[in-house]
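User: Please take a close look at one part of this model, and then place that part in its wider setting.

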Amino acid sequence: MNEYEAVLRPIAGAALHLNAPLARYTVARLGGPADALIIADSVALLERAARTAWLHGWPVRIIGGGANILVADSGVRGVVILNRADGVQQDESGLLIAESGAALISLARLSLERGLAGLAWAIGIPGTLGGAVVNNAGAYGGEVAQCLLWAEIAEPEQPTRRWTCAELAYAYRESALKRRQAPFAVLRAALQLQPKADPVALRAEAEQYSAHRRRTQPNGASLGSMFKNPPNDYAGRLIEAAGLKGARVGGVIISPQHANWFINTGNGTAADYLALIRLAQRRVFEQFGVQLELEVELIGDFEHVGR
Ligand SMILES: Cc1cc2nc3c(=O)[nH]c(=O)nc-3n(C[C@H](O)[C@H](O)[C@H](O)COP(=O)(O)OP(=O)(O)OC[C@H]3O[C@@H](n4cnc5c(N)ncnc54)[C@H](O)[C@@H]3O)c2cc1C
């Protein structure tokens, strides 16, 4: 019996999987195994598993929809917790309190149905509320920072507490959590939306965003935007101007439709992604002097991938 089995099985039961492939839990459909994977369908299990692993000094990675991570082909050492805790409550004042594994798209749909204004922008953003809180997800002029009231966060050796929006220090696709080296787990979050909005108008607004995505987003397994847009410019424009639209390494291609989207055509690997990322960064820097910064996060051991 290995140490993860001995410690985590009594807590997680059948929700613990050893040496578990992560590809099926990521939107890009690739990535190697986690030493220990816990599929947490409650906040209680999420918190307990994280605290236990922290106590043992094991590396812990919580993943939501896997929509903004590139998992190394060699996988992730330590414990990965897949967050599927997705309960939601709402009150008359438009306050929406959700567990962090709730899908952002489901919350957006719910807001439209219930006439709550302020979340229509999220209608096409894959992943969970937890991932959105960490990344300050946003689109079409909206972002988490505009509606988040608090996030309930667990940290090692601290009582779980609510962080205010100000404490999260949000910026463009950034937060105090994203920059943080120390471990943490987002358990729940409260979004303040405006009640009594017209559902028909909200649905029309959301439909505009969906139609725009259908027109502009490439099909296929991808991670959305690979790089952040540099100030006053677009990463996609720069990659295209560097002549890289359609460039391919192994099974991964820079979308001929939108150069900031890298598509896994079926048999792509994380190493293929990384080679294309480096190619785009190098060419754009050589030609335009701009250092493209990843929006997507690299998870696991990428050190030994050939350069
Ligand atoms: C097709 C497509 C379109 C996209 N469009 C947009 C867009 O318009 N706007 C936008 O902002 N993003 C977009 N994205 C990126 C992605 O959807 C967002 O970044 C999303 O918020 C990621 O959420 P997730 O649950 O998948 O996070 P994951 O990818 O699972 O994790 C992201 C990070 O958050 C951490 N994390 C996740 N949950 C928790 C938790 N509960 N506690 C602690 N840490 C946690 C992870 O450890 C990791 O560091 C797009 C992605 C795709 C594939």
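In which helix does His212 lie?

Analyst: His212 is in helix H7, which runs over residues 199–216. Here helices (H or I, at least four residues) and strands (E, at least two) are DSSP runs, numbered from the N terminus. Residue numbers start from 1 along each chain as its sequence is written. The model is predicted, so local features need pLDDT of at least 70 and side-chain atom pairs count only at pLDDT 80 or more, while totals for chains, interfaces and linings use all residues.

His212 counts as partly exposed, because it has 13 C-beta neighbours inside 10 Å. The classes rest on C-beta atoms placed from the backbone: a residue is buried if 20 or more others lie within 10 Å of its own, exposed if 12 or fewer, and partly exposed in between. Tyr140 is 72 residues from His212 along the chain, and the two C-alpha atoms are separated by 10.0 Å.

The domain division comes next. Domain 1 covers 3–83, domain 2 covers 88–214 and domain 3 covers 218–299; these bounds come from an automatic or database domain assignment. Between the C-alpha centres of domain 2 and domain 3 there are 27 Å. UniProt, in an unreviewed entry, lists residues 30–196 as "domain: FAD-binding PCMH-type"; its positions are in the numbering used here, feature names are shortened, and annotations may be inferred rather than shown by experiment. That stretch, residues 30–196, is 23% helix and 32% strand, with its end C-alpha atoms 43 Å apart.

Now the ligand. It is surrounded by 32 residues, and the closest are Gly64, Gly127, Gly130, Gly131 and Gly224; a residue counts as near if its C-beta atom, placed from the backbone, lies within 6 Å. At least two shell residues come from each of strand E3 (60–63), helix H4 (129–135), strand E8 (138–139), strand E12 (185–192) and strand E13 (221–225). Helix H4 gives the most, 5 residues. Sorted by class, the shell holds 15 nonpolar, 14 polar and 3 charged residues, where Ala, Val, Leu, Ile, Met, Phe, Trp, Tyr, Cys and Pro are nonpolar, Asp, Glu, Lys and Arg are charged, and the others, Gly among them, are polar.

Two of these elements, H4 and E8, are joined by a loop that contains Asn136. Asn136 has a positive phi, near 50°, in a residue other than glycine, and it is buried, because 21 other C-beta atoms lie within 10 Å. Another asparagine, Asn232, is in the loop between E13 and helix H8 (235–241). Asn232 also is not a glycine, yet has a positive phi of about 60°; it is exposed, because 5 other C-beta atoms lie within 10 Å. On the other side of H4 in sequence, the loop from helix H3 (104–113) to H4 holds Leu116. Leu116 is buried, with 26 other C-beta atoms within 10 Å, and its C-alpha atom is 29 Å from that of Leu82, 34 residues away along the chain.

The same record, an unreviewed UniProt entry, places "active site" at Arg173, Ser225 and Glu295. These residues are spread over 123 residues of sequence but cluster in space, the largest C-alpha distance being 11.3 Å. Arg173 is in the loop between strand E11 (161–164) and helix H6 (176–179). It is partly exposed, because 19 other C-beta atoms lie within 10 Å.

For a second helix to set beside H7, take H2. Helix H2 has 13 residues (43–55) and should span 18 Å at 1.5 Å a residue, which agrees with the 18 Å between its end C-alpha atoms; the expected span is 1.5 Å times one less than the number of residues. Buried in H2 are Val43, Leu45, Leu46, Ala49, Ala50, Ala53 and Trp54. They sit on the same side of H2, because they cover an arc of only 165° around the axis, the arc being that of the directions from the helix axis to the C-beta atoms. An α-helix has 3.6 residues a turn, so residues three or four places apart point the same way. Ala44 and Leu55 are exposed on the other side of H2. Just after H2, Gly57 has a positive phi of about 75°.

Finally, Arg29 lies in the loop between strand E1 (16–21) and strand E2 (33–40). Arg29 is partly exposed, because 15 other C-beta atoms lie within 10 Å. The C-alpha atoms of Arg29 and Val71 are separated by 9.4 Å, with their positions 42 residues apart along the chain.
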